[in-house]
Each structure stands twice: as C-alpha cells, then as structure tokens.
Amino acid sequence: MNYQGLMRLGRIQPRTSKILKSFGHFQTTGSTNHASYVSTWTPFAAAFNTRPQKKLNLRLNRENAGLFCIPELKDHTGFYLLKQNAEHQVSKLVEEASSKSRKRKIVTIFDELSDTLCRVADLADFVRVSHPRNDFAQAAEEICVELSSLVERLNTNLSLHTALKTVLEEGDVVPTDALDKRVTELFMFDFEQSGIHLADKQREQFVQLNERIHMLGTFFQRGAQKPVQIPKSKLPENLRHVFGLDGDNIMVTGLFSDHYSSIVREAAYRIFLHPDQHQAEVLDALLTARYQLARLVGFDTYSQRANRGTMIESPDKITEFLDLLSDKLKPRSKVDYDVMLRLKQEQERGAKEIMPWDPPYLSAIGRQQRSAMANMDSLPYFSLGCVMEGLNQLFQCLFAVALQHVEMEPGEAWTEDIYKLAVVHKTEGVLGYIYCDFFERFGKPNQDCHFTIQGGRRREDGSYQHPIVVLQLSFSGPRGASIPTLLSPGNVDNLFHEFGHAMHSMLGRTRYQHVTGTRCTTDFAEVPSVLMEFFAADPRVVTTFARHYKTGEPMKGSAVINLCDSKKMFAASDMQQQVFFSILDQVYHGPHPLNGSTTNILAEMQAKYYSINYVPDTAWQLRFSHLVGYGARYYAYLVSRAVAAQVWHTCFKDDPFSRSMGTRYREEMLAFGGEKHPRNLVEGMLGKSPTVENLVDSLIYDMDESVKSLGQL
C-alpha cells in the first residue's frame with residue numbers, strides 16, 4: 001500500500017528436538033570475546049535443525065492467543081475491530097493535537113498517532129502478502145485500503161498541519177529539545193510531501209497524481225514479471241525443450257542467466273527483454289507523473305524530492321558520486337571481464353567478447369573454481385541450526401545479546417513452521433522479538449524481506465515498547481528427521497543480511513517510533529545489513545559455525561578461506577553494473593521531458609557507464625521493477641556499502657568479535673534509527689562526515705584489499 005505522511009511502513013521479516021551428537025556449540029571466552037567450539041549440538045541449534053510442528057494442546061486452559069498474541073486476531077474478523085479501535089484512538093489524538101488547551105508535546109501526540117496507525121497497518125501489510133489463509137489475507141488487504149484512505153484524510157487535515165506549523169514557528173506550549181525539533185520537522189516534511197500546504201485545487205491535483213503513480217507502479221511491476229510468448233517456430237528445435245511449451249508457443253519466463261549454454265542465455269535475453277510498447281508507455285507515464293508531482297510540491301525533479309535528508313541529498317552530488325566511482329571502476333572492471341573471457345573461451349573456442357547474458361554464469365563458474373568446492377559439497381557444513389548458532393554467538397560477542405528460542409502460544413503464528421526468538425541483553429533484558437518465517441510454501445512471496453510489525457518507542461511511563469519484526473526467507477525445509485535445512489553460501493549471506501536489519505530494529509532505543517530502527521533514510525537503512533555481509537565473508541567468523549551436520553567435523557581452514565575469497569571475486573564488474581543501473585535511475589527521475597525514449601537513454605548510458613555493449617531491440621529497463629520501490633534511490637545501496645566498508649575496515653577488520661567496537665557501533669549508529677541525520681551518525685561512528693570523495697575511496701579501498709587477498713594485485 002502507498003502510505004505517506006504520518007506513517008512509515010516497516011517493510012525494507014519451534015520446538016526443541018532431541019539433542020544430536022557431534023555438532024558445533026560455540027562459547028565466548030572470557031577476556032577476548034572470541035568464539036570457540038566444542039562438539040555438542042545446542043538446543044538452540046537443534047531447534048532450527050528441526051522443522052517446527054503443530055503442538056497438541058495438552059493444557060485445556062491454553063486458548064487461542066491470537067496472531068502475534070493480539071487477542072482480537074483469534075480470527076480474521078479481528079482486523080475490523082483493530083481498525084475501529086485505531087480510528088477511535090486517532091480521533092481522540094487529532095482532537096488533542098488541535099486543542100488550544102493541549103498539555104503534551106505536539107511531537108509526542110503525532111508519534112502516538114503514527115504508532116496507532118502503524119501497529120495496525122504494518123501488521124496488515126505483512127498479513128496480506130504472507131498469511132496462507134485467504135480469509136486473513138483478504139481481511140488484511142481490506143484494512144490496508146481503508147487505512148490508506150484514513151491516512152489520506154489525515155494528510156489533508158488543516159488543523160493538524162496548523163498545529164505542527166505553529167510549534168515549528170513559535171515553539172511548543174511545553175519544553176522541547178533538539179530531538180523533539182528534528183522529529184517534528186520530519187513529520188512536517190512528510191506532511192508537505194503529501195501536499196498539505198497546497199491550495200485546494202493543487203491539493204486535489206496532488207491526490208490524483210499520487211493515486212495515478214500508485215496505479216502505474218502496480219501495473220509496471222506486473223508487466224516486469226510477465227512471461228513472453230512467441231511461436232515455437234521462431235526457435236530452433238534444439239532449444240525449444242529448454243523453455244516452457246504452451247501449445248504452438250514457447251513461454252519464456254526469465255533470463256535463464258545460470259544456464260550453461262550461451263545460446264540458451266542469448267535466446268532468453270533477446271526474447272524476454274524484447275521491447276513491449278504497452279510496458280514502455282506505462283513507464284513513461286509513471287516517470288512523467290512523478291516529475292509532475294515533484295514540481296507541484298516545489299522540487300525541481302523527483303530525484304530531488306526523493307533524496308531530501310539523505311547522506312548525499314543533492315541529485316548533482318549523487319551524479320558526481322556515480323561519475324567518480326565509474327571512472328575508478330573502469331580499469332578494475334576490465335580485469336574482471338578479461339577473466340570472464342578466458343572462462344568463456346574454455347567453453348567456446350574462438351569467443352571474442354563478453355555479452356550481457358554472460359556475466360552471471362561466468363562469474364559463478366569463476367567463484368566455484370576459486371572456492372574449489374561445489375555448492376553441493378559445501379551444503380552439509382551450513383545447516384540452518386549451525387548458522388543460527390553462529391549468529392547467536394556473534395551477537396553475544398559484539399553486543400552482549402543472546403537469541404533465545406521461545407515457544408509460541410496457540411494461534412500466535414500464521415503457519416506451523418515459524419520460529420520465535422527473544423533478543424535478550426545481558427543486563428537490559430528482553431530487547432524485542434523476531435519471528436523467523438524461513439521455509440518456502442505455496443503462495444509465499446519468493447523474496448527475502450524484513451517486516452516491522454511493531455516499532456520500538458519510549459512510552460511516557462518510562463517503559464519501552466518492544467520492537468517486533470518478521471524475517472522472511474525461502475529456504476527448503478528439512479528432509480525427514482535426519483537431514484536439516486542446508487544452506488548454500490549465498491543463503492548464508494542472505495540470512496546474515498536480513499539479521500542485520502533485524503538487529504537494527506532490536507538494538508535501537510529511540511524515543512519515537514516514527515524514526516525507530518529501519519525507519520530512516522534508504523542510504524542508511526542498508527548499512528547494518530550490508531555490514532553483516534562482511535562478517536559472513538570473514539574466515540574467522542565462518543570457521544566458528546561451518547561444521548558438518550552429521551559428524552561435527554569443521555570445514556577445513558583452507559576451504560573456508562577459499563570460500564570467503566570466492567565471494568570477493570568480480571566485485572568491480574558487479575559494482576559497475578550497479579553504477580549503470582543507478583545512473584539510469586537518476587536520469588529517468590531528473591528533468592523532464594526526457595531527452596529521448598527510455599530505451600534510447602538506456603543505450604546512451606550503457607555506452608558511457610558499462611563495459612558491455614547494448615544489444616539492439618532489447619529494453620532491459622522495462623523489467624527493472626526496482627524503479628517502483630527504489631525510484632531515484634537505487635544508488636543508495638552503493639552509499640550504504642561504502643559506509644559499511646568504512647565501519648568494517650575501521651572497527652571490525654582486526655577483530656570481528658570485538659565487544660568494545662560492537663558496543664560503540666550500537667551506541668553511535670544502531671541506537672538512533674532515524675533520530676539523527678545519517679551524516680551525523682556516520683560522523684559519530686567514524687569521526688568524519690561522508691563526502692562523495694571518501695565514499696568512493698571507501699568502495700575502491702575495500703575492492704583493492706579484496707583483490708590483494710586474491711593474489712591479483
């Protein structure tokens with residue numbers, strides 16, 4: 001759903017079995033906080049190596065507790081009661097905010113208003129896409145629509161806007177501090193993003209544009225995933241069996257980028273990315289509507305509107321960042337493509353160049369050769385339980401927090417195979433809860449995701465509202481009682497990444513939920529998750545949990561090093577592609593009208609920023625669904641990676657288990673969510689403010705260090 005103004009939605013996501021023998025149990029050692037291991041399988045690891053089962057309710061007094069232990073959600077009709085309660089509370093808060101006899105801070109009232117809405121909307125947003133029962137999913141969908149309408153009304157409530165504006169201009173009726181002012185300013189900015197300050201006719205135009213953007217974004221995302229049908233007569237007979245057959249037609253559902261045959265990859269690329277006139281018109285309309293909306297609320301471009309308050313902030317500076325990075329990547333990318341060409345020539349004698357359909361397959365081959373271990377051979381060393389135990393021990397070392405498996409109440413989970421974790425600090429107690437929805441199932445979105453169900457905030461009585469999140473991934477389940485879920489190295493990276501988001505939510509201790517955890521700018525929200533990828537690629541960390549699920553035998557040290565080194569390969573070519581995507585995103589969301597069609601601009605930007613030539617009669621941008629969710633902000637991942645690299649090399653490279661650095665990282669970065677400007681968070685942690693130059697230098701330094709470890713420099 002498309003909520004703006006008062007709400008910042010939170011999406012950017014068992015049972016202990018018998019203890020098996022010969023499994024890694026990792027303990028912290030007194031003074032060094034480093035992890036070690038002995039050969040027993042902990043109950044925590046055992047829980048994750050056994051798929052949760054529905055438990056017989058042997059205690060008659062254990063009634064259905066309701067979804068997420070919300071009593072109203074014992075069945076789907078409870079959503080309507082939650083909505084009614086929220087509407088009643090919202091009405092009271094609006095009245096209080098507008099009252100001349102108000103006794104509380106305006107920012108406190110606004111945050112309570114935001115929290116009231118988000119605790120229902122965040123929950124409904126998750127349930128509508130993830131609950132396997134149609135009655136729950138449909139009820140949640142209806143609540144999302146109705147809350148969206150309520151938020152639109154609040155966003156055009158002039159008395160609320162006046163109350164907020166008066167406090168910013170004249171001060172509040174009760175004492176406030178700098179944090180109160182920043183969050184008040186964020187509320188005002190979100191308000192004005194919704195056109196509250198416009199005249200009636202312009203506000204009506206804003207609402208229409210906003211609805212149009214939402215509708216076009218939905219259409220574009222659907223079109224980006226739509227399969228392509230062509231008559232099978234257009235393909236040679238020896239290729240037809242690779243793709244799906246539908247009568248006399250061939251159905252191409254994707255790029256087949258991991259197929260061993262370059263002929264198959266080329267065919268899929270040309271067919272799947274063939275220009276679609278309707279999809280091109282949808283994209284043109286979406287970009288035009290965004291530009292018009294940005295101009296309506298006083299911005300020169302949509303990129304300027306979307307990036308206000310970020311680390312770089314100015315579209316000119318974003319382009320400067322991407323240009324400088326592009327220049328430094330070109331010679332480094334050439335090294336990568338030379339390696340890929342040699343790999344291609346081993347399979348195709350006489351191959352002369354790398355084509356756009358080659359890098360995913362060839363880089364996978366190169367990484368596998370470097371690791372000297374096929375994915376299938378590494379799987380037994382990465383059971384879900386042992387990786388989770390590794391994360392648990394890492395967090396104990398860094399933050400003095402433990403992940404504790406919690407038995408759920410009847411009706412608390414949306415399906416049977418969910419794990420619930422309490423995040424418990426050594427002295428502070430419970431910090432929050434993580435629900436782990438890890439296994440694939442029919443109808444479940446096939447994407448890794450972090451959902452906020454409830455944001456953390458400091459209540460007026462001094463207690464803290466615990467954050468609650470869901471981590472959603474799509475692993476294969478255990479195979480019987482003897483083979484647990486086994487993860488590929490890529491799965492391990494994804495799990496570490498998503499736990500970076502979760503711990504951002506858990507370790508935050510913000511005064512206001514509007515800015516808690518991952519409710520911060522896009523370029524900072526990915527820093528904690530990307531940083532966790534550095535830990536997942538460090539042999540000292542991987543060694544603590546890479547143990548065979550049957551024998552308890554640790555993965556050989558040389559194998560761990562080779563596996564970690566393989567993750568560092570082709571970093572320059574991968575990043576060059578991200579730069580190309582990012583600059584294309586910036587141009588699309590810059591001044592309008594555009595200087596040509598989106599396909600012509602694609603070809604022009606590819607020639608300038610990417611080392612692989614554009615293929616005529618293809619329109620890759622029409623499949624780029626990130627243009628909807630990350631419009632004008634796709635570059636933000638590169639900024640997050642630059643900051644994460646600085647934090648890693650400055651604070652954790654020498655000792656990835658350092659408690660002192662973990663504590664500093666929490667206190668200077670994670671604790672604040674969006675309470676501080678991201679530049680101030682980085683400066684507090686690293687002692688210097690992020691600039692275009694030092695962000696680019698950070699990425700290049702990290703890349704060159706990786707190349708050195710690979711023996712290529």
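These are my notebook entries on a predicted model, kept in the order in which I looked things up.

**Entry 1: aromatic pairs**

I began with the aromatic rings and counted 33 aromatic pairs. I took one of them, F438 with F475, and looked up its geometry. The ring centres of F438 and F475 are 5.8 Å apart and the planes meet at 55°, so I noted the pair as tilted. A pair counts as edge-to-face over 60 degrees.

Next I looked up where the two rings sit in the chain. F438 belongs to strand β8, residues 429–439, and F475 belongs to strand β12, residues 468–475. They are 37 residues apart, and the pair links distant parts of the chain.

Are F438 and F475 buried or exposed? F438 has 0% relative accessibility, so I put it down as buried. F475 has 4%, so it is buried as well.

I then took a second pair, F581 with F624. Its ring centres lie 5.5 Å apart with the planes at 45°, so this pair is tilted too. F581 is in helix α21, residues 571–588. F624 is in the loop between α22 (598–609) and α23 (626–629). The separation along the chain is 43 residues. F581 is buried at 10% relative accessibility, and F624 is buried at 5%.

I also wrote down one aromatic cluster. Its members are F395, F399, F499, F534, F535, W648, F652 and Y665.

**Entry 2: charges over rings**

I looked for charged ends placed over rings and noted two lysines. The charged end of K420 sits over the ring of Y433, 4.8 Å from the ring centre. The charged end of K676 sits over the ring of F672, 4.1 Å from the centre of that ring.

**Entry 3: helix α21 against helix α24**

F581 had already taken me to α21, and I went on to its contact with helix α24, residues 636–652. The two axes come within 9 Å and cross at roughly 135°. That is why I recorded α21 and α24 as oblique to each other.

Which residues meet here? From α21 I listed M575, Q578, V579 and S582. From α24 I listed Y637, L638 and R641. Sorted by class, the contact has 4 nonpolar, 2 polar and 1 charged residues.

**Entry 4: helix α9 and R265**

I turned to helix α9, residues 262–272, and asked how many of its residues are buried. The count is 8 of the 11, so the helix is largely enclosed by the rest of the structure. The buried ones are S262, V264, R265, A267, A268, Y269, I271 and F272. They pack against α7 (200–225), β3 (228–231), α8 (237–240), β5 (249–252) and α13 (359–371).

I picked R265 out of this helix for a separate look. R265 is buried because its relative accessibility is 1%, and the cut-off is under 20%. Leaving out residues up to four places away in sequence, R265 touches L255, F256, S257, H259, Y260, W357, D358 and Y361. I also looked up how R265 stands to K676, the lysine over F672 in Entry 2. R265 and K676 are 411 residues apart along the chain, and their C-alpha atoms are separated by 47 Å.

**Entry 5: A537**

A537 is in the loop between α18 (527–536) and α19 (539–542). Its relative accessibility is 17%, so it counts as buried. What does A537 touch beyond residues up to four places away in sequence? I found C564, K567 and K568. C564 is 27 residues from A537 along the chain, yet the two C-alpha atoms are separated by 5.0 Å.

**Entry 6: backbone angles**

Last, I looked at some backbone angles. The peptide bond from H592 to P593 is cis, with omega near 5°. P593 lies in the loop between α21 and α22.

F68 is not a glycine, but it has a positive phi of about 55°. I located F68 in the loop between α1 (43–48) and α2 (78–98). F68 is buried, since its relative accessibility is 7%.

E313, also a residue other than glycine, has a positive phi near 75°. E313 is in the loop between α11 (302–306) and α12 (315–347). At 27% relative accessibility, E313 counts as partly exposed.

Terms used:
Residues numbered from 1 in each chain as written. Predicted model: local features only at pLDDT ≥ 70, side-chain atom pairs only at ≥ 80, totals over all residues. Heavy atoms only, no water. Phe/Tyr/Trp six-rings, centres within 6.5 Å; stacked < 30°, edge-to-face > 60°. Helix = DSSP H or I, 4+ residues; strand = E, 2+ residues; numbered from the N terminus. Buried < 20%, exposed > 50% of the residue type's maximum accessible area, 1.4 Å probe, protein only. Lys NZ or Arg CZ within 6 Å of the ring centre and 35° of its normal. Axes fitted to C-alpha atoms, helices over the stretch in contact; angles between N-to-C directions. Parallel < 35°, antiparallel > 145°, perpendicular 65-115°, else oblique. Contact = heavy atoms within 4.5 Å. Nonpolar A, V, L, I, M, F, W, Y, C, P; charged D, E, K, R; others polar.
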